[in-house]
Amino acid sequence: MPNDTALFLGQFLRNPAAIGALAPSSRRLAAAVCAPVPERGEPIVVELGPGTGPFTAEIQQRLSGRGHHLAVELNERMARLLAERFPSVDVAHEDATRLGKLLADRGLRMADVVVSGLPWAAFPDQLQRELLDAVTGAMNPGAAFTTFSYIHAIPLSSARRFRALLAERFEEVVPGRTVWRNTPPAFVFHARRPR
């Protein structure tokens, strides 16, 4: 989607630390990140940093009208686009650190799955901690959390710090295979059982 790429690039140039990517994620990365969305039941799925919606589309396909899909996007322009593009998704133009309140305001129990498109390696230590506190505080005991990292970010101290935080906050953290058909290539972290 060339328009999505142009929007992403423009928003990245305005605020690289908040956007964290030059282009939307590929369908292959979306499929890998959204794998924990259950095939049955009425799950509460939270999506953080949906951008223009590649993960949103995958989640909607997997849910097929079931459950509740809350997408939390800080960028106002992208939140508007997402709400127009996916009218059945509950889009919140809000800060993800307020996730617990967002769920409570909607009368929702804790999340069954949290899918993150946030640029964790671009965040300072304190923000990483606040966001992970919000995520783990909003998850039920058996919930799954997935996110990804670009391979070029592996050596960054902020990326290493985030991986250590994941291990601290979850009983199980499993890195997935590298998704080479993404720009740039990325790999997925699957985490379960928040501490």
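## A buried alanine

A residue counts as buried when its relative accessible area is under 20%. In this predicted model, A79 has a relative accessible area of 5%, so A79 is buried. The residue sits in helix 5, which covers residues 76-85.

What does A79 touch, leaving out residues up to four places away in sequence? The partners are E73, V91 and H93. Take V91. A79 and V91 are 12 residues apart along the chain, and their C-alpha atoms are separated by 6.7 Å.

## The chain as a whole

The chain has 195 residues, and 49% of them are buried. Its secondary structure consists of eight helices and seven strands.

Now consider contacts between residues at least 6 apart in sequence. Of these, 68% join residues at least 24 apart.

## Two nonpolar cores

In soluble globular proteins, nonpolar side chains tend to be buried together. Here the largest nonpolar core holds 31 residues. Which residues have the most contacts inside it? They are L48, L99, L103, V114, W120, L132 and F145.

Several elements each supply at least two residues of this core. The strands among them are strand 1 (44-48), strand 2 (68-73), strand 4 (111-116), strand 5 (139-150) and strand 7 (186-194). The helices are helix 6 (99-105), helix 7 and helix 8. Helix 7 gives the most, with four residues. Another core lies apart from this one. It has 16 residues, including V33, V37, V179 and V188.

## Around F145

F145 is one of the residues with the most contacts inside the largest core. What surrounds it, leaving aside neighbours within four places in sequence? F145 is in contact with V114, S116, W120, L132, V135 and M139. It is also in contact with L166, F170, F189, H190 and A191.

## Helix 7 against helix 8

Helix 7 spans residues 125-137, and helix 8 spans residues 157-169. Their axes come within 11 Å and cross at roughly 30°. Angles under 35 degrees count as roughly parallel. The two helices are therefore roughly parallel to each other. Their crossing is right-handed.

Which residues make the contact? From helix 7 come D125, Q128, R129, L132, D133 and T136. From helix 8 come S158, R161, F162, L165, L166, E168 and R169. These residues divide into four nonpolar, three polar and six charged. Two of them also appear around F145: L132 from helix 7 and L166 from helix 8.

Notes:
Residues numbered from 1 in each chain as written. Predicted model: local features only at pLDDT ≥ 70, side-chain atom pairs only at ≥ 80, totals over all residues. Heavy atoms only, no water. Axes fitted to C-alpha atoms, helices over the stretch in contact; angles between N-to-C directions. Parallel < 35°, antiparallel > 145°, perpendicular 65-115°, else oblique. Left-handed = near helix turned anticlockwise from the far one by under 90°. Contact = heavy atoms within 4.5 Å. Nonpolar A, V, L, I, M, F, W, Y, C, P; charged D, E, K, R; others polar. Core = buried A, V, L, I, M, F, W, Y, C linked by side-chain atoms within 4.5 Å. Buried < 20%, exposed > 50% of the residue type's maximum accessible area, 1.4 Å probe, protein only.
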